[in-house]
Amino acid sequence: MCCYTPFQYETIISVINNYSWQPFNLTFDRVVCNNGGDGFSGLISFIILLDQPSQDRMFAFIKGLENVLAANG
């Protein structure tokens, strides 16, 4: 959290720890393999992409969390 003051960091942690939400299911659309982009770095990662209904649920969750964070400074 290099971009936040200690007060902002504590506020973020407090909001996240106290955020009330209901669990929801996510389903996936596809997996993409990324070899680091240059093919030489040796780093391989798998990117798991959500299907559209799951994207919508995740967006709503994050939007709610962002709204609470903004309301708390």
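Select Ile44. This residue is exposed, with a relative accessible area of 58%. Its place is the loop between S1 and S2. Keep in mind that the model is predicted.

**The nonpolar patch**

Extend the selection to Phe28, Val31, Phe46 and Ile48. Together with Ile44, these residues form a nonpolar patch on the surface. The accessible area of the patch adds up to about 580 Å². Which elements give two or more residues to the patch? They are strand S1, residues 28-34, and strand S2, residues 45-50.

Now isolate Phe28. Phe28 sits in strand S1. Is Phe28 buried or exposed? Phe28 counts as exposed, because its relative accessibility is 53% and the cut-off for exposed is over 50%. Show its contacts next. Beyond neighbours within four places in sequence, Phe28 is in contact with Ile48, Leu49, Leu50 and Asp51. Of these, Ile48 is also a member of the nonpolar patch. Then draw a C-alpha to C-alpha distance from Phe28 to Gln55. The two are 27 residues apart in sequence and 9.2 Å apart in space.

**The salt bridge**

Step along to Asp29 and Arg30. Side chains of opposite charge can pair when their charged atoms come close. Here the side chains of Arg30 and Asp29 meet in a salt bridge, at 2.8 Å from N to O. How many salt bridges does a search of the whole structure find? The search finds 1. Colour both residues by accessibility. Arg30 is partly exposed, with a relative accessible area of 48%. Asp29 is partly exposed, with a relative accessible area of 48%.

**Helix H1**

Select residues 6-18, which make up helix H1. The helix has 13 residues, so at 1.5 Å a residue H1 should span 18 Å. Its end C-alpha atoms are 18 Å apart, which agrees.

Which residues of H1 are buried? Pick out Thr11, Ile12 and Val15. They cover an arc of only 100° around the axis, so they lie on the same side of H1. The general rule helps here. An α-helix has 3.6 residues a turn, so residues three or four places apart point the same way.

Turn the view to the other side of H1. There, Pro6, Glu10, Asn17 and Asn18 are exposed. Turn back to the buried residues of H1, and show what they pack against: helix H2.

Just before H1, select Thr5, which lies in the segment preceding the helix. Thr5 counts as partly exposed, at 39% relative accessibility. Draw a line from Thr5 to Phe61, C-alpha to C-alpha. They are 56 residues apart in sequence and 25 Å apart in space.

**The loop between H1 and S1**

Move to Asn25, found in the loop between H1 and S1. Asn25 counts as exposed, at 64% relative accessibility. Show its contacts, leaving out residues up to four places away in sequence. Asn25 touches Ser54 and Arg57. Now compare the position of Ser14. Asn25 and Ser14 are 11 residues apart in sequence and 25 Å apart in space, C-alpha to C-alpha.

**Helix H2**

Select residues 52-71. This is helix H2, with 20 residues. From its first C-alpha to its last, H2 reaches 28 Å, close to the 28 Å expected at 1.5 Å a residue.

Highlight Ser54, Gly64 and Leu65, which are buried in H2. They cover an arc of only 95° around the axis, which puts them on the same side of H2. What do the buried residues of H2 pack against? They pack against helix H1 and S2. Ser54 has already come up on this tour, as a contact of Asn25.

Rotate to the other side of H2. Gln52, Phe59, Ala70 and Ala71 are exposed there.

**Last stop: Gly73**

Follow the chain past H2 to Gly73, in the segment after the helix. Check the backbone: the phi of Gly73 is positive, near 90°. Gly73 is exposed, with a relative accessible area of 80%. Finish with one more distance, back to Thr11. Gly73 and Thr11 are 62 residues apart in sequence and 7.8 Å apart in space, C-alpha to C-alpha. Thr11 is one of the buried residues of H1.

Notes. Residues are numbered from 1 along each chain as its sequence is written. This is a predicted model: local features need pLDDT of at least 70, side-chain atom pairs count only at pLDDT 80 or more; totals for chains, interfaces and linings use all residues. Side-chain values use heavy atoms; hydrogens and water are left out. Patches are made of residues with over 30% relative accessible area and no salt bridge: like charges are joined within 9 Å, nonpolar side chains (Val, Leu, Ile, Met, Phe, Trp, Tyr) within 5 Å. Accessible areas come from the Shrake-Rupley method with a 1.4 Å probe; for residues, only the protein chains shown count as cover. A salt bridge is a side-chain nitrogen of Lys or Arg within 4 Å of a carboxyl oxygen of Asp or Glu. Helices (H or I, at least four residues) and strands (E, at least two) are DSSP runs, numbered from the N terminus. Buried means under 20% relative accessible area, exposed over 50%, partly exposed in between (1.4 Å probe, protein chains only). The expected span of a helix is 1.5 Å times one less than its number of residues. The arc is that of the directions from the helix axis to the C-beta atoms. Contact means heavy atoms within 4.5 Å.
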